[in-house]
Amino acid sequence: MEKKGQTKYKRIAMACQGGGSLGGYHIGALKAMQENGYVPNLVAGISIGAFIGSIIAGNKPENRIEMLTKFFEKITWPDIFGFPESTGDVRKVLNKIASLQGFVFGQPAFFTPRIPSPTHRLKGTPGATSYYDTSPLRETLLEFVDFEGINSGKLARLILGVTHVKDGSLVFFDSAKMPLGPEHVMASGAMPPGFPGIEIDGELYWDGGCASNTPLEGILNAEPKMDTLCFMIDLFAPSNHLPEDMTDVDLTLKNIQFSSRTTHHLEHISNRKNLKAYINFLLKQLPSNVKNSPIAKEIEEKASDNTLFDIIHLSYNKPPYEVSTCDCEFSKTSLMDRAKHGYKDMTEALKDSPWLTEHDEATSSRIHKFVGEHASASPP
């Protein structure tokens, strides 16, 4: 029997956003997607989303969840305290300890603190411009990502968003246009001042999140154009409650800053796509003498893209025990918990599938927004 995801759209894209250790949410979301027939054949990522996106693209669909799980297991310390059922203030304290552990000791197979500190290093060296050394990450990525499969086109297409340090522009590395390796992934996740910039072909790049936390633009502009259903997994959502202490203030501010920019970016992209559809619709109504005029032909050429670009925007609505440093909190308990929430939330979002209804003639892009629940998630 044909599954939902195998109909209508030629391209199933997944946009993996930045958010550090919150990226565990992507694992559950992907599992639910693939179980319902939505298997990404194009993956775009920024920051932690670049690490996750490269593992998704760099493995066969049946191996993706296992490899993502093993990746996070490899880059996390064993939990110091085991209170997986705790969801109150005790859990908050444990999460704070876990994030502090990462700040002090780094994360295994990912990054280590620089000793001596950057202030005691020679100017112009990576050690003078970052607090941590990310060189262990290169071998970790090579272990979990088949870059040869990506570059040959045998596996999914991969697009990575990076910030060009010299001019601050958002740049996309696309496996359909250039061979990608671990350094391209590391560049997308090189968030200053923690991590050093990555030099590629003589140019220095930082985390794509410095310019934009979403790689959606890279998917929209991907050639060739084709009907696309894009799953945008957002790791930040407004908390819907007023902060009660300074930890809540910090987390609420972070949620607002990232979620508001994402919402505006989404609307901008969808409106641009629909504007082309409106223009095409109007051009068809013109009399032939006007339709064949040079200016009308030029307008038609500019608005020639008549493919669909629908977006499923799923946001992680964090449970109350997440702390303000949740994006730096890599405890195994929290990562598993976020994966469970991602699975539960995506499963719920896929139930009715409103994107499978027909578009009207003058619309080519629709946004379907879903916000996860705080409720405890059942295991995927």
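In the protein chain, 76% of the contacts between residues at least 6 apart in sequence join residues at least 24 apart. The model in which these contacts were computed is a predicted one, and its protein chain is built from twelve helices and eleven strands.

The overall dimensions were considered next. The C-alpha trace of the protein chain spans about 75 × 50 × 40 Å along its principal axes. For 380 residues, a compact globule would be expected to have a radius of gyration near 21 Å, and the 22 Å computed for the protein chain agrees with this. Of the 380 residues, 53% count as buried, while the accessible surface of the protein chain comes to about 17500 Å², with 58% of that area belonging to carbon and sulfur atoms. As to charge, the protein chain carries 39 positive and 45 negative side chains, and the centres of these two sets lie 3 Å apart.

The cysteines were examined for disulfides, and the count came to zero. Cys-210 takes part in no disulfide, the nearest cysteine sulfur being that of Cys-328, 14 Å away; Cys-210 is also partly exposed, with a relative accessible area of 38%. Cys-230, in turn, counts as buried because its relative accessibility is 0%. The closest cysteine sulfur to that of Cys-230 belongs to Cys-16 and lies 9.4 Å away, which is too far for a bond, since a disulfide requires a pair of cysteine sulfur atoms within 2.5 Å.

Terms used
Residues are numbered from 1 along each chain as its sequence is written. This is a predicted model: local features need pLDDT of at least 70, side-chain atom pairs count only at pLDDT 80 or more; totals for chains, interfaces and linings use all residues. Side-chain values use heavy atoms; hydrogens and water are left out. Helices (H or I, at least four residues) and strands (E, at least two) are DSSP runs, numbered from the N terminus. The radius of gyration is taken over C-alpha atoms; the globule rule is 2.2 Å times the number of residues to the power 0.38. Buried means under 20% relative accessible area, exposed over 50%, partly exposed in between (1.4 Å probe, protein chains only). Contact means heavy atoms within 4.5 Å. Accessible areas come from the Shrake-Rupley method with a 1.4 Å probe; for residues, only the protein chains shown count as cover. Lys and Arg count as positive and Asp and Glu as negative; His and the chain ends are not counted. The place of a charge is taken as NZ of Lys, CZ of Arg, CG of Asp or CD of Glu.
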